[in-house]
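Student: Please take a close look at how the strands are arranged here. Then move on to whatever surrounds them.

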Amino acid sequence: MNGRAGLTWSLRDRTPAELPVLADRLADGSAGTGKGVRVCVVDSGVEPDHPLVGPLQGSWAVVKDPVTRELAVRPDTTGDTCGHGTACAGIIRRTAPDCELYSVRVLGERFTGTGDMLIAGLRWAVGQGFDVVNLSLSTTRTRFLEELHAIADDAFFARTAIVASAHNTPVESYPWRFSSVISVGSHQEEDPELHLYNPAPPVEFFAPGQNVRVPWLGGATIRTTGNSFATPYVAGLCARILSRQPRLTTFQLKSALYLTAANVQVPSTPTPEAPDDPQH
């Protein structure tokens, strides 16, 4: 997998002075507009020039070679095959209007697709070094678990934040279940800017995803519900944070989302009590 050969297992032959790291401080709640942040939507594609999405900086698709039957990622001009990816891209654009948007199509018409195509598209996106990958998809098939887990770990250490949708029903699916990704479910509150931390994981965050208006095929919009549509809101928040503090790691992004969640209350530092007068 990507980066495996470069892992450092110990410091037997090196000193701390040989490992300088240039880092940003943990996000303080301030956020930009997503400018300079590269966000990739791994989904059903994105409709070109939808008025609520705007231009894409790049569009690809996972395709099967007709001769070798092997999967490959190729430039794509088809756009969106079922609307789902366009909806996610529109939410990201609304949340982080100045981010750079990219698309990798792994789903076909009527939401058809395979775990192998999902893995191929996600692995390629991580290999490209995108800052944020929106994955409003998952698979329940455990035979893909190990490979997806490895890709998610590669992304975590490479500072590619995978923002993954929890399944809409209480079943095991992947990769949202992995702690190396940022997992998202939906809440039913009306505030379109509200995100919450879940004190009872595995889902880490909740965001608007109930009866939300999203862009759809043909330049249209629809109202729809699901964790799929909460996930790009959090992906957009990540882009906004990274536009101000681009060196944050994924675990720092999680901390920033935690500290800015509406239900997280950080107590003020209590004033220390004066010591009692000494007894004589």
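Tutor: The strand arrangement comes next, followed by its surroundings.

This is a predicted model: local features need pLDDT of at least 70, side-chain atom pairs count only at pLDDT 80 or more, and totals for chains, interfaces and linings use all residues. Residues are numbered from 1 along each chain as its sequence is written, and side-chain values use heavy atoms, without hydrogens or water.

Start with the inventory. The chain has 5 helices and 11 strands. Both are DSSP runs, numbered from the N terminus: helices are H or I with at least four residues, strands are E with at least two. Of the 280 residues, 49% are buried. Buried means under 20% relative accessible area, exposed means over 50%, and partly exposed lies in between (1.4 Å probe, protein chains only).

Now the sheet. It is open, has 9 strands and shows mixed pairing. Its order reads E3-E2-E4-E1-E5-E6-E7-E9-E8. Two strands pair if DSSP finds at least two bridges between them. Strand E3 (71-75) and strand E8 (196-197) stand at the edges. Each has a single partner strand, so one side of each lacks a neighbour in the sheet.

Look at one pairing inside that order. Strand E7 (residues 182-187) and strand E9 (residues 205-208) run parallel, joined by 4 bridges. Histidine 187 stands opposite proline 208 in E9.

Helix H1 (residues 84-95) packs on the sheet. H1 touches strand E1 (38-43), strand E4 (100-105) and strand E5 (132-135). The direction of H1 makes about 155 degrees with that of E1. Axes are lines fitted to C-alpha atoms, for helices over the stretch in contact, and angles run from 0 to 180 degrees between N-to-C directions. Contact means heavy atoms within 4.5 Å.

Stay with E2 and its loop. Serine 59 is found in strand E2 (residues 58-64). At 19% relative accessibility, serine 59 counts as buried. Not counting residues up to four places away in sequence, serine 59 touches Arg74, Pro75, Asp76 and Ser103. Arginine 69 is in the loop between E2 and E3. Arginine 69 has a positive phi of about 65 degrees although it is not a glycine. Most residues other than glycine have a negative phi, and most peptide bonds are trans. Arginine 69 is exposed, at 52% relative accessibility.

Two loops flank E6. Arginine 159 is found in the loop between helix H3 (145-157) and E6. Arginine 159 also has a positive phi of about 65 degrees without being a glycine, and is partly exposed at 34%. Proline 175 is found in the loop between strand E6 (161-165) and E7. The peptide bond from tyrosine 174 to proline 175 is cis, with omega near 15 degrees.

Next, the rings. The whole structure holds 8 aromatic pairs. Rings of Phe, Tyr and Trp (its six-membered ring) pair if their centres lie within 6.5 Å; planes under 30 degrees apart count as stacked, over 60 as edge-to-face and the rest as tilted. Tryptophan 124 and phenylalanine 130 have ring centres 6.4 Å apart and planes at 50 degrees, so the pair is tilted. Both tryptophan 124 and phenylalanine 130 are buried. Ring pairs link Trp60, Tyr102, Trp124 and Phe130 into a cluster. Tyrosine 197 and phenylalanine 205 have centres 5.9 Å apart and planes at 65 degrees, so this pair is edge-to-face. Tyrosine 197 is partly exposed at 25%, whereas phenylalanine 205 is buried at 2%.

A hairpin comes next. Strand E10 (residues 212-215) and strand E11 (residues 221-224) run antiparallel, joined by 4 bridges. The bridge partner of arginine 213 is arginine 223 in E11. E10 and E11 form a hairpin with 5 residues between them. Glycine 218 in its turn has a positive phi of about 75 degrees.

Finish with two helices. Helix H4 (residues 227-244) and helix H5 (residues 250-260) pack at about 105 degrees, with their axes 11 Å apart. That makes H4 roughly perpendicular to H5. Angles under 35 degrees count as roughly parallel, over 145 as roughly antiparallel, 65 to 115 as roughly perpendicular and the rest as oblique. From H4 the contact takes Val234, Leu237, Cys238, Ile241 and Leu242; from H5, Leu253, Ala256 and Leu257.
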